[in-house]
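Visitor: Could you take me through one part of this model up close? I'd like to look at the place where the two chains meet, and then at whatever sits around it.

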Amino acid sequence: MKLLQRDMDKTNSGSVTLVPEESEDMWHAYNLVAVGDTIRSTTIRKVQTESATGSVNVSKVRTTLTVQVEGIDFDTQACVLRVSGRNISENQYVKMGAYHTVILEMNRQFTLNKQEWDSITLERIDQACDPAQHADLVAIVMQEGIAHLCLITPSMTLVRAKIETSIPRKRKGLCDQHTKGLHRFYNQIIQAFQRHVNFDIVKCVLIASPGFVKDHFTDYLFAEAMKMDDKTIIENKSKFVLVHSSSGFKHSLKEVLADPVITARLSDTKAAGEVKALDDFYTMLQTDPDRAYYGVKHCERAAENQAIEILLVSDELFRSQDISQRKRYVSLVDSVRENGGDVRIFSSLHVSGEQLGQLSGVAAILRFPMPEEEEEEDENDSDDD
Amino acid sequence: MPGVGSDKQLPASETALSTPYTAPTSYTVPTAAAVVKPTIVTPSASSVKATVGFLEKEDTVVKKQTPPVSPLPSKKPGDAGGLKLKVSVANSPRSSPKTVQQQTNVKKAEGAVGGMDVRDGDNAGREMAGSNLRSAVEMMGLEGDEGTIQSSVNSMKPVATPKSKSKASRLDVMAEYSKRHGDKELLNLVVIGHVDAGKSTLMGHLLYQLGSVNKKTMHKYEQESKKLGKSSFAFAWVLDETEEERTRGVTMDVAQTRFETDKKIVTLLDAPGHKDFIPNMITGTSQADVAVLVINATRGEFETGFDAGGQTREHALLARSLGVGQVIVAVNKMDTIDWSQERYQLITKKLGQFLTRQAGFREADVTFVPCSGLSGENLSRPPAVPELVAWYTPATTLVEQIDKLRPPVRPIDKPFRLNVSDVFTRVGSGFNVAGRVGSGFVQPGDKVIIMPAAMTATVKNVFIDDAPEAVAFAGDQVNITLSGVDMVNVNIGSCLCDPSSPTKSATRIRAKIVIFNIAVPITKGFPVVFHYQSINEPAVIKRLLSQLNRSTGEVVKRKPRCLVKNSSAVVEIELERSLCLELYTDFKDLGRFMLRSGGHTIAAGLVEEIVQSKMRQNGLS
Ligand SMILES: Nc1nc2c(ncn2[C@@H]2O[C@H](COP(=O)(O)OP(=O)(O)OP(=O)(O)O)[C@@H](O)[C@H]2O)c(=O)[nH]1
Ligand SMILES: [Mg+2]
């Protein structure tokens with residue numbers, strides 16, 4: 001992300017002007033824009049004109065609009081952000097108060113104005129504008145009949161294709177059907193691979209499965225690439241890494257990213273770091289349950305006692321529509337930091353962030369044990385659905 | 001005047017110009033999940049309703065033939081389509097028996113609920129003494145009482161006395177059931193054990209000794225395996241049929257075949273031992289009644305398989321949790337330890353303790369046989385090796401031991417269910433679905449409903465071991481050809497059922513789980529793989545409702561923060577997509593599932609309630 005301008009007063013009220021440069025930046029933008037903010041960007045508007053004869057003519061014009069944000073939608077497939085709200089600046093084509101949806105996409109500049117930029121959003125800007133290069137990673141997690149082709153960036157895991165085929169099982173005297181079914185399955189993965197993997201940005205391809213599927217598939221992939229004369233696959237052979245996973249389901253990515261062989265090969269380890277932090281939480285829950293808590297009430301209580309060593313929190317919580325909720329989490333993070341605790345903000349798009357989200361979105365590893373308070377029990381259930 | 005900007009009516013005016021939203025690319029075979037009917041179906045007491053699915057049959061005046069009283073083979077003209085059971089009265093052939101079934105269902109269900117508690121005197125003593133996991137597994141209501149496992153034929157007498165009209169058809173089916181194999185009982189037997197214990201070799205050799213594999217084929221296997229430098233796997237090739245299995249010398253998926261002994265017709269399921277293939281092992285085991293647990297007696301090898309990390313314990317626990325009540329432990333590779341009695345005793349002692357105290361098998365249901373799958377010693381013929389003969393008295397061969405196993409009571413009086421474990425095509429007959437009849441029975445000409453697609457189809461042919469049959473009962477491994485439905489609507493995991501009482505489909509269930517020896521505690525939000533019959537699906541533990549005392553089943557704590565190893569609990573599980581499931585109280589065998597995570601089995605479970613089905617979920621969102 002490129003930061004063009006930063007204009008804030010001492011109460012942290014003001015605006016920033018940013019240009020997203022890669023798909024990852026759209027995710028950062030998604031986490032920055034909140035309901036109530038105003039956003040200014042060029043956009044396209046359908047305009048109706050009525051001619052002297054009374055015939056109606058619809059045309060599209062490009063114009064710059066400022067809207068007060070009411071709705072935000074992140075499209076992971078197209079990697080664009082749709083921000084909708086009312087127009088708040090006088091415009092040649094659009095009346096004040098008229099609804100409009102601005103599309104934020106790569107290389108389109110936008111200016112975001114907030115009443116208050118809090119620590120979480122300021123940190124997000126710094127992180128987004130950090131020019132450090134990171135390698136994009138492709139992972140295919142598979143088992144017989146199911147494969148997920150995922151693109152992994154530092155803060156996103158995007159399922160680019162899910163392949164599911166029913167493969168006839170091994171059967172007395174009819175084993176060739178099984179083989180044929182497998183090949184059909186592999187061919188579908190290869191097609192998806194050719195469509196979605198761009199080796200200009202992809203630095204590493206992980207192929208993960210239980211058993212021998214990964215080996216079998218990789219052999220098949222290169223044999224087919226030779227047949228099809230697909231040079232890009234052949235030339236990038238050295239980027240392929242085979243690794244064990246316990247299943248072909250998406251959550252198995254956690255095991256893959258935790259594999260030391262893989263971590264060593266990755267230049268950016270944010271995803272792997274999150275997996276590790278969540279594992280540490282569970283290990284603590286096993287060894288010393290009074291030093292591992294989840295749920296916002298429990299974590300706040302621990303923070304009040306300055307007990308939090310590591311706070312795990314999902315970025316989803318900061319996207320809350322409810323401003324008081326959002327503030328609550330921001331102040332939890334701030335208080336943990338003030339007391340020298342470490343805060344890990346998980347991306348809700350990574351598998352470990354997804355799991356943390358299911359676990360109320362916030363969890364803490366404590367410095368010292370704190371007995372469980374019985375009466376707070378029901379909190380577990382409050383944020384259930 | 002400049003154009004009037006459109007307002008509210010066109011809230012997303014720009015959308016049209018931008019990339020249209022594309023759904024995540026998916027090559028999923030389309031399932032008609034969207035058309036799933038309201039799925040929580042309680043059997044209706046109305047006989048009219050129960051008849052609906054069969055009205056057509058009456059209209060088209062398909063008359064059924066009198067069930068053969070002689071064993072089936074004698075009347076197998078080859079055309080399965082022509083084989084029909086006749087019903088003395090053509091009017092609504094199966095509706096009335098249904099009403100009877102419903103009564104029995106209720107009765108059975110109550111019984112099963114009672115069975116969940118292990119407070120009856122028989123078990124009480126052992127719980128005190130027994131280690132935790134075992135009582136836990138017992139609490140799962142795993143049968144094993146004398147009352148439930150008994151000669152199936154005797155128990156198949158009609159429970160209630162139906163009205164005269166239907167009586168005939170029902171009795172005919174029952175008569176057919178008790179007559180069909182002559183004196184031989186059907187047994188589904190799974191072979192389990194740590195990788196390389198010699199399961200496939202043992203069974204391949206047994207099949208050879210019993211004449212199921214001819215000399216010529218065996219000779220071919222010997223030659224070809226030798227060429228690959230794998231001559232020790234020649235017998236394993238009988239069951240390891242795929243090229244990959246043969247080149248790697250590892251079983252990957254369950255092989256299914258059939259053999260006969262003097263007293264039994266055995267459907268053999270040879271499971272893979274490698275830990276990565278446990279999902280397939282679970283599929284095989286969930287179709288089995290009894291198990292042979294193969295142990296590698298070789299020094300060091302038994303220890304590897306038995307210690308933590310080996311699959312011996314995991315397999316045994318899985319089998320017990322999936323309803324297998326009797327196990328024969330085949331202490332294999334006895335040739336590698338010079339048939340040592342001392343080592344045999346050490347192994348049988350350790351395993352006996354584990355199986356009875358921890359895995360929850362009854363002592364009387366665990367037996368041991370020393371053998372060698374490679375040399376063929378003590379499989380179907382009495383031992384001849386002097387070192388073994390010297391101490392092994394009275395000698396019992398593996399086959400004799402198998403003959404002593406008792407088949408479970410088959411729920412043939414319940415509505416028809418078949419969980420599809422395979423879909424394949426065959427020249428001549430089009431597409432076939434395979435699986436074990438979970439309950440009830442099925443005949444060519446029957447109408448079935450396929451869930452979760454909610455499509456109806458007609459059963460064209462029913463094959464058992466590739467031979468056409470006039471009827472197949474709960475417990476039978478069958479291939480079925482269907483008409484009136486497209487192959488895309490039937491997948492592994494689909495359920496063929498009685499149209500008047502279709503299976504339930506669920507996206508969220510409440511279940512009782514018994515947690516194994518896990519490394520980290522289970523919390524809410526814990527992602528797991530849900531293993532049920534032939535399928536495995538991602539799922540999430542959504543809520544921890546209560547933690548239970550493993551022996552008494554009493555609630556120890558409500559809404560616990562986490563569940564630790566060897567504990568037991570009631571939880572809510574959310575499935576990624578709708579699955580066909582049954583409540584444990586309705587169908588014991590079809591109400592069990594396993595949970596795995598990171599390649600380890602973390603819990604065994606029983607479906608207690610369907611909290612949400614697809615329809616409701618759609619309605620809410
Ligand atoms: N000496 C000896 N070797 C045996 C015996 N039974 C099996 N083996 C050998 O053990 C190896 C493994 O045999 P398999 O039958 O493939 O073992 P398995 O248990 O089916 O293995 P998986 O299905 O892959 O778990 C082969 O080399 C067999 O020849 C035996 O009784 N004695
Ligand atoms: Mg084998």
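**Where the chains meet**

Guide: Let's start with how chain A is put together: among its contacts between residues at least 6 apart in sequence, 68% join residues at least 24 apart. Keep in mind that this is a predicted model. Chain A has 12 helices and 16 strands, and its C-alpha trace spans about 75 × 75 × 35 Å along the principal axes. Of its 385 residues, 57% count as buried.

Now for the part you asked about. Chain B brings 83 residues to the contact, and chain A brings 80. The size of an interface is often given as the accessible area lost when the parts come together. For chain B and chain A that buried area is about 6900 Å², with carbon and sulfur atoms giving 49% of it.

What about charged and polar pairings? The rule finds 6 salt bridges across the interface of chain B and chain A. One of them is between the side chains of Arg171(A) and Asp422(B), at 3.1 Å from N to O. As for polar contacts, 19 residue pairs make them between the two chains, counting pairs with both residues at pLDDT 80 or more. On the side of chain B that touches chain A, the residues split into 30 nonpolar, 27 polar and 26 charged.

While we're on chain B, have a look at its metal site. The magnesium ion (ligand 2) has two protein donors, Ser200(B) through OG and Thr251(B) through OG1, lying 2.0 Å from the ion. These two come from distant parts of the chain, 51 residues apart: Ser200(B) belongs to helix H8 (residues 199-209), while Thr251(B) is in the loop between helix H10 (243-248) and strand E4 (255-260). Are the donors buried or exposed? Ser200(B) counts as buried because its relative accessibility is 6%, under the 20% cut-off. Thr251(B), at a relative accessible area of 9%, is buried too.

One last stop in chain B is Arg508(B), which you'll find in strand E18 (residues 504-515). With a relative accessible area of 3%, Arg508(B) is buried as well. Its side chain has a partner there: the side chain of Glu574(B), with which Arg508(B) makes a polar contact at 3.4 Å.

Technical notes. Residues numbered from 1 in each chain as written. Chains lettered and ligands numbered in written order. Predicted model: local features only at pLDDT ≥ 70, side-chain atom pairs only at ≥ 80, totals over all residues. Heavy atoms only, no water. Donors = N, O, S within 2.8 Å, 3.2 Å for Na, K, Ca; no water. Helix = DSSP H or I, 4+ residues; strand = E, 2+ residues; numbered from the N terminus. Buried < 20%, exposed > 50% of the residue type's maximum accessible area, 1.4 Å probe, protein only. Contact = heavy atoms within 4.5 Å. Buried area = accessible area lost by both parts, 1.4 Å probe. Salt bridge = Lys/Arg side-chain N within 4 Å of Asp/Glu carboxyl O. Polar contact = N/O pair within 3.5 Å; in protein donor to acceptor, adjacent residues only side chain to side chain. Nonpolar A, V, L, I, M, F, W, Y, C, P; charged D, E, K, R; others polar.
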